[in-house]
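Subject: The structure I promised you

Hi,

Here is the structure I said I would pass on. Have it open while you read, and I'll go through what turned up.

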Amino acid sequence: MSVEDSDRIVVEYIGRFADGTVFSTSRQEVAIKHGLTTEGCDPLVFTVGSEEVIEGLDQAVRGLSTGEETTVEIPPEAAYGPVRNDRIREYDCETFEGMVGEPPSVGLHVEAENGLHGDVVAVHNNTVEVDFNHELAGKTLYFELQITDCQSTTESIYSN
């Protein structure tokens, strides 16, 4: 059975950047080998066509069969989008510290009241820059995928 729209699937994966660096995986042995945390090293489980994963992954699994493996290249437009300058915000250092509860330092991860997550990317004399783009925005991603299970949600009640 090949994967179709509305199927519920399980996918083992390894996500890499163009230089081969692994940024995410469902395989614990790969995570350990590449110095990643094994917490959350779970396969992706999603319904095809339901916008639960990035568009490029959703499209890549269609037509594959259980047990089948493939490697795909996903451009930023089908992943987390381009880096948007309007998502890089500048704050007065004193205001920032009042909002966050600690002084600004490059690399500090913050969460805004609207739920956006960001990282401090620069601290100047009186201002701090926070980048609220997704950490994978602007990047082409490469995924090794293996479909390990596929359950059709559109089977007719009349099938035998």
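Let's start with the open sheet: it has 4 strands, ordered β5-β8-β7-β6, and they pair in the antiparallel sense. Keep in mind throughout that this is a predicted model. As for the edges, β5 (88–92) and β6 (109–111) sit there, each with a pairing on one side only. On average, and ignoring direction, neighbouring strands in this sheet are turned by 40° against each other. A helix comes in too: α3 (residues 93–100) packs on the sheet and touches β5, β6, β7 and β8. The direction of α3 makes about 100° with that of β5.

If you zoom in on β7 (residues 117–123) and β8 (residues 127–131), you'll find 4 bridges between them, again antiparallel. Try picking out Val-123, which stands opposite Val-128 in β8. In case pairing is new to you, strands of a sheet pair through backbone hydrogen bonds, and they can do so parallel or antiparallel.

Now for β1, which has plenty going on. Which strands does β1 pair with in the antiparallel sense, and over how many bridges? Here is the list:

- β9: the antiparallel pairing with β1 has 9 bridges, and Ile-9 stands opposite Cys-150 there.
- β3 (residues 44–47): 4 bridges join this strand to β1, antiparallel once more, with Leu-44 as the bridge partner of Val-11.
- β2 (residues 22–25): 3 bridges, also antiparallel, and here Gly-15 has Ser-24 as its bridge partner.

β1 and β2 also make a hairpin, with 5 residues between the two strands. Look in the turn for Gly-20, whose phi is positive at about 95°. Because 7 of the 9 residues of β1 are buried, this strand is largely enclosed by the rest of the structure.

Next, the inside. The largest nonpolar core has 22 residues, and the ones touching the most other members are Ile-9, Val-61, Ile-74, Phe-143 and Leu-145. At least two core residues come from each of β1 (8–16), α2 (55–61), β4 (69–74) and β9 (141–151). Which of these gives the most? That would be β9, with 5 residues.

Phe-143 is a nice one to click on. Neighbours within four places in sequence aside, the contacts of Phe-143 include Tyr-13, Ile-14 and Gly-15, as well as Phe-23, Ile-54 and Leu-57. Thr-70, Thr-71, Val-72 and Ile-74 are in contact with Phe-143 as well. Apart from the largest core there is another one, of 8 residues, including Cys-93, Val-110, Val-120 and Phe-132.

What about the cysteines? Cys-41 is buried, because its relative accessible area of 8% is under the 20% cut-off. Cys-150 is buried as well, with a relative accessible area of 9%. A disulfide is a covalent bond between the sulfur atoms of two cysteines. How many disulfides does a search of the whole structure find? The search comes back with 0.

Last, a word on confidence. The chain has a mean pLDDT of 93, and 96% of its residues reach 70 or more. The stretch to be careful with is 156–160, where the pLDDT is below 50. Beyond near neighbours in sequence, that stretch has 0 contacts in the model.

Shout if you get stuck!

Cheers

Note on methods:
Residues are numbered from 1 along each chain as its sequence is written. This is a predicted model: local features need pLDDT of at least 70, side-chain atom pairs count only at pLDDT 80 or more; totals for chains, interfaces and linings use all residues. Side-chain values use heavy atoms; hydrogens and water are left out. pLDDT is the predictor's confidence in each residue, from 0 to 100. Contact means heavy atoms within 4.5 Å. A nonpolar core is a set of buried Ala, Val, Leu, Ile, Met, Phe, Trp, Tyr and Cys residues joined through side-chain atoms within 4.5 Å. Buried means under 20% relative accessible area, exposed over 50%, partly exposed in between (1.4 Å probe, protein chains only). Two strands pair if DSSP finds at least two bridges between them. Axes are lines fitted to C-alpha atoms, for helices over the stretch in contact, and angles run from 0 to 180 degrees between N-to-C directions. A disulfide is a pair of cysteine sulfur atoms within 2.5 Å.
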